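Here are some notes to read with the structure open beside you. Take the points one at a time, and find each residue as you go.

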Amino acid sequence: MLETYLSWYREGRMDESEFRSVTDHLAQSGLTVEHPMLGCGMLLDVVGEQVKLPVGRILELVGLSVGPLCIQFWLSADTDVVCDVRYVAPDTQVLTFELGGLTESEREQATNAVQRLIQRELDRTVALLVDLGGETADEDDDALVLYGRLPMG
């Protein structure tokens, strides 16, 4: 299945308070780390199983930059947007929001939330890659953004 996604490349690594600011801004647009019914956040483990954690712990883990994390953001109690947080190059962080499986309305809401966030963070933004049709699934986004390498074809 082709994946639809937004990848936000930003300078630096977010500490806990910076990531809290990001999640607060996304929450204003209806995309929350805290599950609306359960009152906790969720990471996905290496096999895709949900790991319930207090939201503060998730913010702390992102702030520690210990490695890649897979976080669920929630549009509703049963609709989530998976966000992969990873680090490339010495000081470049990437948040990739996976939009596959959402309705057009849900995809638009999530896309608008991320775009509003990036408008607020333009000074830290390196690039925003948008693939709403899964057309670049085989491309190396990191090489394109970091080194200007266009795909050979």
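Before we start, one term: a residue is called buried when its relative accessible area is under 20%. By that cut-off F97 is buried, because its relative accessible area is 0%. Please keep in mind that this is a predicted model.

1. **A strand with two partners.** Let's begin with strand β5, which covers residues 79-88. How many of its 10 residues are buried? The count is 7, so the strand is mostly covered by the under-20% rule. On one side of the pairing story is strand β4 (residues 69-76), which joins β5 in the antiparallel sense over 7 bridges. Strand β6 (residues 92-98) also pairs with β5 in the antiparallel sense, again over 7 bridges.

2. **Two hairpins.** Now look at the turns. β4 and β5 make a hairpin with 2 residues between them, and S76 stands opposite T79 of β5. β5 and β6 make a hairpin as well, with 3 residues between them. In that turn, A89 has a positive phi of about 55°. For a bridge to look up on your screen, try R86, whose partner in β6 is V94.

3. **The aromatic pair.** The structure holds 1 aromatic pair. Why is it described as tilted? The rings of F73 and F97 have their planes at 55°, with centres 5.9 Å apart, and planes between 30 and 60 degrees count as tilted, so the pair gets that name. F73 belongs to strand β4 and F97 to strand β6, so to speak two distant parts of the chain, 24 residues apart, linked by the pair.

4. **The surroundings of F73.** Is F73 buried or exposed? F73 counts as buried, because its relative accessibility is 0%. Setting aside neighbours within four places in sequence, F73 is in contact with a good list of residues, including F19, T23, L26, L31, V33, V81, C83 and F97.

5. **The nonpolar cores.** The largest nonpolar core has 31 residues, and those touching the most other members are F19, L26, I71, F73, V81, L95 and F97. Which elements each supply at least two residues of this core? They are β1 (5-11), α1 (16-28), α2 (55-64), β4, β5, β6 and α3 (104-120). Apart from this core lies another, of 6 residues, among them V88, V94, A127 and L129.

6. **One face of a helix.** In α2, the residues V55, I58, L59, L61 and V62 are buried. Viewed down the axis of α2, its buried residues fall within an arc of 160°, so they line one face of the helix. A general rule helps here: an α-helix has 3.6 residues a turn, so residues three or four places apart point the same way. The cover over the buried residues of α2 includes α1, β2 (41-44), β3 (50-53), β4, β5 and β6.

7. **An unusual phi.** Just after α2 comes S65, which has a positive phi of about 55° although it is not a glycine. Most residues other than glycine have a negative phi. S65 sits in the loop between α2 and β4.

8. **Two cysteines, no disulfide.** How many disulfides are there? The count is 0. C70 is in no disulfide, and the nearest cysteine sulfur, that of C83, is 8.0 Å away. The cut-off for a disulfide is 2.5 Å between the sulfur atoms, so this pair does not qualify. C70 counts as buried because its relative accessibility is 17%, and C83 counts as buried at 0%.

9. **A buried glutamate.** E121 lies in the loop between α3 and β7 (125-131). E121 is buried, because its relative accessible area is 12%. Leaving aside neighbours within four places in sequence, E121 is in contact with W8, R10 and V22.

10. **Back to β5.** To finish, find V85 in strand β5. V85 counts as buried, because its relative accessibility is 1%. Not counting residues up to four places away in sequence, V85 touches V62, G67, P68, L69, I71, Q93, V94 and L95. Between V85 and V62, the C-alpha to C-alpha distance is 7.7 Å, while the two are 23 residues apart in sequence.

Note on methods: Residues numbered from 1 in each chain as written. Predicted model: local features only at pLDDT ≥ 70, side-chain atom pairs only at ≥ 80, totals over all residues. Heavy atoms only, no water. Buried < 20%, exposed > 50% of the residue type's maximum accessible area, 1.4 Å probe, protein only. Helix = DSSP H or I, 4+ residues; strand = E, 2+ residues; numbered from the N terminus. Pairing = 2+ DSSP bridges. Phe/Tyr/Trp six-rings, centres within 6.5 Å; stacked < 30°, edge-to-face > 60°. Core = buried A, V, L, I, M, F, W, Y, C linked by side-chain atoms within 4.5 Å. Contact = heavy atoms within 4.5 Å. Arc of directions from axis to C-beta.
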